[in-house]
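Here are my notes on this model, set out as numbered points. Please read them with the structure open.

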Amino acid sequence: MTGGFEQASAAAGLGEMAKRSFSMLEMFLIFLLVMMTAVTVALLSLLFITSGTIENNRDSGYSTTQSPQATQSPQANESPLATQDSTAPRGSTLTQGHMATRMSPVTSTLETTPFQNFSGYQIGVGRADCTGQVADITLMGYGKSGQYARGILTRLYSRAFIMAEPDGSNRMVFVSIDIGMVSQRLRLEVLNRLQMKYGSLYRKDNVILSGTHTHSGPAGYFQYTLFVIASEGYTNRTFEYMVTGIVQSIEIAHTNMKRGRILINKGNVDGAQINRSPYSYLQNPQSERARYSSNTDKEMIVLKMVDLNGDDLGLISWFAVHPVSMNNSNHLVNSDNMGYASYLFEQEKNKGYLPGEGPYVAAFASSNLGDVSPNTLGPHCINTGESCDNPNSSCPIGGPNMCIAMGPGQDMFDSTQIIGWIIYQKAKELYASASQEVTGPLASAHQWVNMTDVTVWLNSTHTAKTCKPALGYSFAAGTIDGVGGLNFSQGAMEENPFWDTIRNQLLGSPSEEIKECHKPKPVLLHTGEMSRPNPWHPEIVDVQIITVGSLAITALPGEFTTMSGRRFREAVQAEFASYGMQNMTVVTSGLCNVYTHYITTYEEYQAQRYEAASTIYGPHTLSAYIQLFRALAKAIATDSVANLSSGPEPPFFKQLITNLIANIVDKAPTGKTFGDVLQPLEPKYRVGEVAEVTFVGANPKNSAENRTHHTFLTVEKYEATSQTWQIVHNDASWETRFYWHKGLLGQSNATIQWHIPETAQPGSYRIRYLGHYRKQDFLRPAVILSFESTSSTFEVVTT
């Protein structure tokens with residue numbers, strides 16, 4: 001489902017299979033799949049108590065039909081290329097008819113007087129844990145059935161940055177979060193809690209929430225049915241943990257604000273990415289492709305934040321690459337390659353602090369990564385070793401399921417660190433040499449838009465429309481980063497009667513209107529026409545721009561492909577320039593505010609590979625976004641943000657399908673207690689070896705409710721001079737791994753590994769396990785209690 005769901009969700013995925021006769025075994029498997037799907041749908045319907053309960057009401061009678069202003073006609077030479085995705089007129093805005101007075105205007109944050117006597121911005125940075133569950137929950141991204149969290153490699157963090165003008169009035173908040181994507185529910189709840197604490201200081205127009213897009217974070221925090229099914233239910237435990245962490249990071253940044261300077265730098269990153277849909281990219285005009293040296297965006301943008309004494313405060317970096325170095329066989333929660341870059345940068349700046357601690361904050365945020373993979377060895381048939389870099393990503397033997405791309409390392413852990421290191425090194429270089437200062441006023445503009453009903457001006461006389469959401473057959477194929485499971489193929493251009501029949505019986509038939517609107521996409525799932533138990537996809541979407549001097553941060557509600565991002569940036573930059581804001585640096589910040597899958601160019605859409613099949617609002621989606629963001633850019637440049645309508649408010653569903661994994665009481669084996677050592681450590685290890693110990697465990701998801709401990713493990717070294725044990729690693733360290741092994745009847749084991757680095761000092765060490773267990777006495781409510789245990793002492797020696 002997403003680049004994000006690289007593999008189609010088993011619960012929602014119906015796809016095109018090869019047109020051939022089926023064996024008896026295949027017929028049995030197909031029958032079994034149909035029966036499982038039917039049972040799943042029935043269970044979900046029964047579990048859902050009330051259908052479509054909405055807390056926030058949409059503005060009635062509102063249309064997001066787009067039209068050019070009467071005073072301006074479209075000009076063909078405005079766009080970088082005369083393509084369908086880049087010919088929207090300047091200045092087009094949401095139509096404001098007689099209903100406009102019912103909508104509260106967005107507050108303008110543009111300075112009304114000249115920005116004089118600049119003495120630095122007020123800057124605040126903050127970081128907080130937002131990990132959530134690390135067990136009994138699906139990992140969000142690949143959509144692979146059975147890919148549950150079973151432990152932790154690194155913690156997940158929310159990193160917040162507040163920038164305010166010298167008097168503290170106009171301000172903005174950018175938050176980069178180690179999660180797959182920001183759900184609409186998550187954003188609405190964060191904004192609600194900020195309003196309760198700060199009033200109108202932090203609002204929908206000046207707060208951007210952006211997901212790093214790690215595919216190894218927990219799911220369960222969505223409200224639209226397709227994502228809920230892919231998450232195998234909604235989990236309030238994880239939702240609350242994430243919301244609390246995001247808000248806390250903003251609170252820390254707010255508390256720590258000080259006067260400082262912002263410097264910007266740019267540079268190209270080599271060796272960290274490939275285009276995973278090169279045949280889609282080749283559909284773009286040759287004249288356009290000739291302007292670029294690569295089929296991926298290699299540019300990294302770095303913001304360096306320092307106080308007035310020059311002391312480091314923080315960093316934000318934007319770079320386009322999918323955090324899928326950890327593949328779909330992984331079961332450990334972690335922040336993937338971009339998180340590893342943050343880890344390295346923060347460890348360097350926060351000397352003497354454990355990972356996740358210290359004042360310096362470094363965020364490596366997502367950009368237009370839609371078709372960009374870190375698996376730089378490219379796609380190969382895992383059964384034969386030959387390349388499968390072809391339009392359908394298929395192997396001669398085994399089909400598309402055998403076509404998988406690999407990273408540069410010996411395994412996925414190694415690949416994650418290699419790609420993360422490359423990104424970190426470039427950011428470090430750009431940070432050190434940054435000299436161009438960002439100055440000027442802050443401004444912001446935001447609208448909610450019904451993306452299913454946008455009229456797009458292709459030229460001065462012709463228009464097109466966006467569509468109700470739908471997913472194509474190639475959506476079910478997944479990508480070379482995470483393939484589908486039922487022999488689906490990318491590039492599918494025709495419907496399959498077999499799967500159409502099953503879909504029609506279970507979910508109903510798509511209308512001719514939606515099929516016609518999405519052509520040439522063959523519609524697999526007509527999600528825009530499916531509303532039970534709640535709508536399957538969002539209709540109301542955020543569009544948002546924040547400007548800091550000559551920097552414009554655009555909040556993209558999905559995954560733009562490489563060329564989509566290029567066209568988008570040029571169009572927005574040209575819009576600013578046409579109204580006097582020259583030489584703006586436009587940042588495409590991905591996975592922001594609400595998730596709407598992919599955005600391809602019109603030409604890429606014709607090839608119908610995974611990204612195009614996942615462009616849910618149809619072939620003119622990019623054109624619509626360019627048009628909408630141009631309107632925001634014009635409003636900022638002309639100081640007319642207050643005249644923008646707020647748009648139709650999105651829903652907040654109260655009743656959701658809950659996760660089906662039951663909370664059961666934890667049990668220790670007879671004669672043992674939680675934390676008892678089952679497999680002891682060796683008495684001695686050399687650097688480079690792995691120290692491993694296994695304890696009687698309890699379900700780690702308990703720790704997302706009772707937060708007595710803030711780590712599942714520590715590695716401690718004995719200091720003879722002080723006769724104390726000093727913590728040298730925790731579960732946020734890349735050197736440690738915490739595996740949880742689920743047993744029967746509430747029993748489980750926990751294995752802790754320490755991959756001893758070359759930098760480890762010789763001496764005496766021990767490993768501690770910190771956990772929580774669920775206990776329930778007869779006729780009493782369950783309680784969650786903490787425990788901790790310590791391994792035997794062992795020696796680390798150098799080779």
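1. Which residue just after α14 takes a positive phi? D639 does, with a phi of about 55 degrees. Bear in mind throughout that this is a predicted model.

2. Helix α14 itself covers residues 621-637, which is 17 residues. From first C-alpha to last, α14 reaches 24 Å. That is close to the 24 Å expected at 1.5 Å a residue. Burial is the other point to check here. Of the 17 residues of α14, 17 are buried, so the helix is largely enclosed by the rest of the structure.

3. Now the overall picture. The protein has 799 residues, and buried residues make up 60% of them. Its secondary structure comprises 14 helices and 40 strands. Take the contacts between residues at least 6 apart in sequence: 79% of these join residues at least 24 apart. The accessible surface comes to about 28,600 Å². Carbon and sulfur atoms account for 51% of that surface.

4. Aromatic pairs deserve a careful look. A search of the whole structure finds 35 of them. One of these is Y598 with Y610, an edge-to-face pair. The centres are 5.4 Å apart, with 85 degrees between the planes. This pair links distant parts of the chain, twelve residues apart. Y598 lies in strand β30 (residues 598-599), and Y610 lies in helix α13 (residues 610-613). Are these two rings' residues buried or exposed? Y598 is buried, because its relative accessible area is 0%, under the 20% cut-off. Y610 also counts as buried, at 0% relative accessibility.

5. F738 and Y769 form another aromatic pair, this one tilted. Here the figures are 5.8 Å centre to centre and 40 degrees between the planes. The pair again links distant parts of the chain, 31 residues apart. F738 sits in strand β36 (residues 736-742), and Y769 sits in strand β38 (residues 763-775). Both residues, F738 and Y769, are buried.

6. F738 and Y769 also belong to a cluster linked by ring pairs. The other members are F674, F695, F712, Y773 and F787. View the cluster as a unit when checking ring placement.

7. Finally, two charges over rings. The charged end of R737 sits over the ring of F413, 3.7 Å from the ring centre. The charged end of R185 sits over the ring of Y234, at 5.0 Å from its centre.

Definitions and conventions: Residues are numbered from 1 along each chain as its sequence is written. This is a predicted model: local features need pLDDT of at least 70, side-chain atom pairs count only at pLDDT 80 or more; totals for chains, interfaces and linings use all residues. Side-chain values use heavy atoms; hydrogens and water are left out. Rings of Phe, Tyr and Trp (its six-membered ring) pair if their centres lie within 6.5 Å; planes under 30 degrees apart count as stacked, over 60 as edge-to-face and the rest as tilted. Helices (H or I, at least four residues) and strands (E, at least two) are DSSP runs, numbered from the N terminus. Buried means under 20% relative accessible area, exposed over 50%, partly exposed in between (1.4 Å probe, protein chains only). A charge sits over a ring if NZ of Lys or CZ of Arg is within 6 Å of the ring centre and within 35 degrees of the ring normal. Contact means heavy atoms within 4.5 Å. Accessible areas come from the Shrake-Rupley method with a 1.4 Å probe; for residues, only the protein chains shown count as cover. The expected span of a helix is 1.5 Å times one less than its number of residues.
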